[in-house]
Each structure stands twice: as C-alpha cells, then as structure tokens.
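Trainee: Could you take me through one part of this model closely? I'd like to see how a helix packs against its neighbour, residue by residue.

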Amino acid sequence: GSLFGGGNWAVDTAQSISEAVSPMAAKFSVAFVLSYQWFGSVRHAYWDLTAKGFNNKSMLHGAYAMWATTLGLSAALALYALPPFSKNEKAKRS
C-alpha cells in the first residue's frame, strides 16, 4: 500500500477499513494471516533442517498446534490496543 499511494495513504486506508468494519475484526484478520504464515514457515524450516516429525500423525498434531497457536496469538493481538495519536502526531499527518 505504501508503494502505491504513500505511507499516509496506507495508514488512512487501513484506518478507514477498521472503522467501517470492526477494529478488532480488522486487527484479527491481519494478525491471523501474518502469524499463520510465520508459524507455517517455521514448521517447514524445522522439517527441512531436521526431517523429524514428517509422518501423517505428527503432521496432523502439528497442524492442530499451529492453528491453536495462531488463533491464540491473533486474538491476543486483536485485543491489544495501541495508544491513540497525540494532537502533534495528528497535525503532522494532515
């Protein structure tokens, strides 16, 4: 988004989307995608480096653990709120 319209455009667009839907839902959706991809990458890197846990039962249990961890982390990040912009920061963005 920053490459397309600049940094302020990306922030303003994300803000308007989160206000149109629900801030918690918007934060959860972003956190879920990022954490799921990250945990999946870690899981595959572990398999590539060690070749351990590469059978159907281990993969199934690993998938359940990855989903649970991803959902928990996404919910925690969605509930976390950053402090609002100060008046000086709002003035700089305008």
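Mentor: Let's fix one term before we start: a residue is buried under 20% relative accessible area, exposed over 50% and partly exposed in between, using a 1.4 Å probe and protein chains only. Some bookkeeping, too: this is a predicted model, where local features need pLDDT of at least 70 and side-chain atom pairs count only at pLDDT 80 or more, while totals for chains, interfaces and linings use all residues. Residues are numbered from 1 along each chain as its sequence is written, and side-chain values use heavy atoms, with hydrogens and water left out.

Quick overview, then we zoom in. The protein chain has five helices and zero strands, where helices (H or I, at least four residues) and strands (E, at least two) are DSSP runs numbered from the N terminus. Of its 94 residues, 13% count as buried. As for pLDDT, the predictor's confidence in each residue from 0 to 100, the chain averages 81, and 81% of the residues score at least 70. Confidence is highest in helix α4 (residues 56-79), at a mean of 90, and lowest in helix α5 (residues 87-93), at 66. Where pLDDT is low, the predicted coordinates should not be read in detail.

So α4 is our part. Its expected span is 1.5 Å times one less than its number of residues; for 24 residues that gives 34 Å, and the end C-alpha atoms sit 35 Å apart, which agrees. Met66, Thr70, Ser74 and Ala78 are the buried residues to look at in α4, and their cover includes α3.

Pick Ser74, which has a relative accessible area of 0% and is therefore buried. Leaving aside residues up to four places away in sequence, Ser74 touches Phe28, Ala31, Phe32 and Ser35, with contact meaning heavy atoms within 4.5 Å.

Now flip to the other side. Ala31 lies in helix α3 and counts as buried because its relative accessibility is 8%. With the same sequence neighbours left out, Ala31 touches Ser74 and Leu77. Ala31 and Ala75 are 44 residues apart in sequence, yet 8.1 Å apart in space, C-alpha to C-alpha.

What about the two phenylalanines that Ser74 touches? Phe28 and Phe32 both lie in α3 (residues 23-50), four residues apart, about one turn of the helix. Phe28 is partly exposed at 29% relative accessibility, whereas Phe32, at 18%, is buried.

Their rings also meet. Rings of Phe, Tyr and Trp (its six-membered ring) pair if their centres lie within 6.5 Å, with planes under 30 degrees apart counted as stacked, over 60 as edge-to-face and the rest as tilted. The structure holds five such aromatic pairs. One of them is Phe28 with Phe32, stacked at 6.1 Å centre to centre and 25° between the planes. Phe28 and Phe32 join Tyr36 and Trp67 in one aromatic cluster.

For contrast, try Trp38 and Phe39: their ring centres are 5.2 Å apart and their planes at 75°, so that pair is edge-to-face. Trp38 is exposed at 54% relative accessibility, and Phe39 is partly exposed at 22%.
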